[in-house]
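This report introduces a single protein chain to a reader who has not met it before. Please keep the sequence and the model in view while reading.

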Amino acid sequence: MAKEKKQKRVAARLPRGFVDREAPDLRAQEAMLATIRRVYETYGFTPVETPAFEFTDALGKFLPDSDRPNEGVFSLQDDDEQWLSLRYDLTAPLARHVAENYESLPKPYRSYRAGYVFRNEKPGPGRFRQFMQFDADIVGAPNVSADAEMAMMMADTMEALGIPRGQYVIRVNNRKAFDGLRQVLGLDSREDDERWLIVLRAIDKLDKFGLEGVKELLGKGRLDESGDFTRGANLLPQQIEFIQMFYSIESIDCDDQSTPYNRLFISALHKIFGGKSELLDQAFQELLHIAQLSHAAGYDSDRIRIDTSVVRGLEYYTGPVFEAELLFDVVNEKGQKVQFGSVGGGGRYDGLVSRFMSQPVPATGFSIGVSRLMTALKNLGRLETAERTGPVVVTVMDKDRMADYQAMATKLRQALNADPSKPPVPVEVFQGNPKQFGKQLQYADRIGSPVVVIQGGDEKEAGKVQVKDLALGKELSAQITDNAEWREARAGQEMVDEDQLVEAVQAILSRMAGSSSR
């Protein structure tokens, strides 16, 4: 008789671009999200949740000439042979939700949502295929005052998270400014689409490559230190000079102390570029309105700053765009000191909801990169990363008395968590193999338990229970060298009556809380 083939063991492995996250990071994230949520709600935003999967064409990623519409997204076919994809961002699902429920929703519709998004792209350092975003959007608000409010809310969010003024700025630009610039340069034909995309990508690299590096990318191309060549836009020298003036303008009258910086900056733009394009003039007017509104509300250029170098997925946006940038230095993977950079951004996207409807629907929104912002807060020492106290552990001396131990744990759980406004105090019964009591104490120590409860048959018969303060036990054990002395001291362990169990455990927890606050 043939031997049964041994089943191959499945290898435990994590897919590239995905990460496991444990309790400290999850709790820190939870605290950070709660802070952001509170700021959003003070501005009148309400929560909404959309599913992780959408029809692929609703995400704007459908490729009709491809057998598998999987460019940038993870896709599959359902029973009806329709393509579904994991959401690429949180904005496209919101647009679908608004269009589908348009008549029943208030207009303007203010909503926020946090959730994971998925990118079918090559992972790299700090670049994942699954990550969380936290978005806020106003749909149905055509005025740039809504965009100004978005920028102000982002400034408030940064400060609520403990990022002080001077270490962040919300930079604001306008898609119409780049469209107008493109017209003036004569690069607005369909044949120039690819070249213009190279221009935008080059400007977006200003903080990384500097002025000279961007000029190379606008020209014939750039050769980096490794020898890799990046093809340029092949613009004429006069075109490059014109673009350079636009994104690095510095002709601001700093002696005029009576006029806010943003208004001076826009005035300088008008002097050079005003009247050259209707789109440019519209952009400057909208930026001026945002500058006036934010200044009137107390948000000066140290918090909200007009900046023509801001480039954000400009094929997506239709008006003002903004970016939350952190200004403090960090050391990158090459050991170089660099500015931390962007942790979120957004802008006006008046065409997205309209894809589903026969009428224009204006919208503006902002998205925070949760993981990147958490990294920033860690660098600033502003992230709540302290681990919570581990659970009180009820040990098992006799597995046939499990009901007694569960009753004891229930009593502790209810008494220690009577006040719902305080952090929970977990209590658990040891569920492993109870044969080796030392292993139970090792387990309690490993999970950071502050106290263990011990009751054998003799203690039960006498109506007693032992309570062991693990932290005090370690402290006392370190001071004791004689074995007999250790047995006599019982290293932080005391015997109490059963009806005094709750008080004894509470006393240990209070002692711990007092010592940690000093």
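## Overall composition

Of the 518 residues of the protein chain, 44% count as buried. The model is a predicted one. The protein chain contains 16 helices and 18 strands.

Contacts can also be viewed by their separation along the sequence. Among contacts in the protein chain with a separation of 6 or more, 67% are between residues 24 or more positions apart.

## Nonpolar cores

The largest nonpolar core has 82 residues, and Tyr40 and Ile170 touch the most other members. Helix α3 (residues 144–160) supplies the largest share of this core, ten residues. Apart from it lies another core, of 27 residues, which includes Ala444, Val451, Val502 and Val505.

Which residues does tyrosine 40 touch, not counting residues up to four places away in sequence? Its contacts are Phe45, Tyr112, Phe134, Asp135, Ala136, Met153, Met154, Thr157 and Ile368.

## Aromatic rings and charged ends

The count of aromatic pairs comes to twelve. One of the pairs is formed by phenylalanine 18 and phenylalanine 74: the ring centres are 6.4 Å apart and the planes lie at 45°, so the pair is tilted. The angle falls between the limits of 30 degrees for stacked and 60 for edge-to-face. This pair links distant parts of the chain, with the two positions 56 residues apart: phenylalanine 18 belongs to the segment before α1 (23–42), whereas phenylalanine 74 belongs to the loop between β2 (53–55) and β3 (75–77). Phenylalanine 18 counts as partly exposed because its relative accessibility is 22%, and phenylalanine 74, with a relative accessible area of 24%, is likewise partly exposed.

Tyr40 also belongs to an aromatic cluster, together with Phe45, Tyr112 and Phe134. Over the ring of phenylalanine 45 sits the charged end of arginine 110, 5.2 Å from the ring centre. In another such arrangement, the charged end of arginine 119 sits over the ring of tyrosine 88, 3.9 Å from its centre.

## Strand β4 and its partners

Strand β4 (residues 83–86) sends Trp83 and Ser85 one way and Leu84 and Leu86 the other way. Are these residues buried or exposed? All of them are buried.

Strand β4 pairs with β2 in the antiparallel sense over three bridges, and leucine 86 in β4 is the bridge partner of phenylalanine 53. Strands β3 and β4 also run antiparallel and are joined by three bridges. Here glutamine 77 stands opposite tryptophan 83 in β4. The two strands β3 and β4 form a hairpin with five residues between them, and glutamate 81 in the turn has a positive phi of about 60°.

## Helix α5 and its surroundings

Helix α5 (residues 193–204) has twelve residues. At 1.5 Å a residue the helix should span 16 Å, and its end C-alpha atoms are 17 Å apart, which agrees.

Within α5, the residues Trp196, Ile198, Val199, Leu200, Ala202 and Ile203 are buried. Against which elements do the buried residues of α5 pack? They pack against three helices and one strand, namely α4 (175–185), α6 (206–218), α7 (237–247) and β9 (229–231).

How values were computed
Residues are numbered from 1 along each chain as its sequence is written. This is a predicted model: local features need pLDDT of at least 70, side-chain atom pairs count only at pLDDT 80 or more; totals for chains, interfaces and linings use all residues. Side-chain values use heavy atoms; hydrogens and water are left out. Helices (H or I, at least four residues) and strands (E, at least two) are DSSP runs, numbered from the N terminus. The expected span of a helix is 1.5 Å times one less than its number of residues. Buried means under 20% relative accessible area, exposed over 50%, partly exposed in between (1.4 Å probe, protein chains only). Contact means heavy atoms within 4.5 Å. A nonpolar core is a set of buried Ala, Val, Leu, Ile, Met, Phe, Trp, Tyr and Cys residues joined through side-chain atoms within 4.5 Å. Rings of Phe, Tyr and Trp (its six-membered ring) pair if their centres lie within 6.5 Å; planes under 30 degrees apart count as stacked, over 60 as edge-to-face and the rest as tilted. A charge sits over a ring if NZ of Lys or CZ of Arg is within 6 Å of the ring centre and within 35 degrees of the ring normal. Two strands pair if DSSP finds at least two bridges between them.
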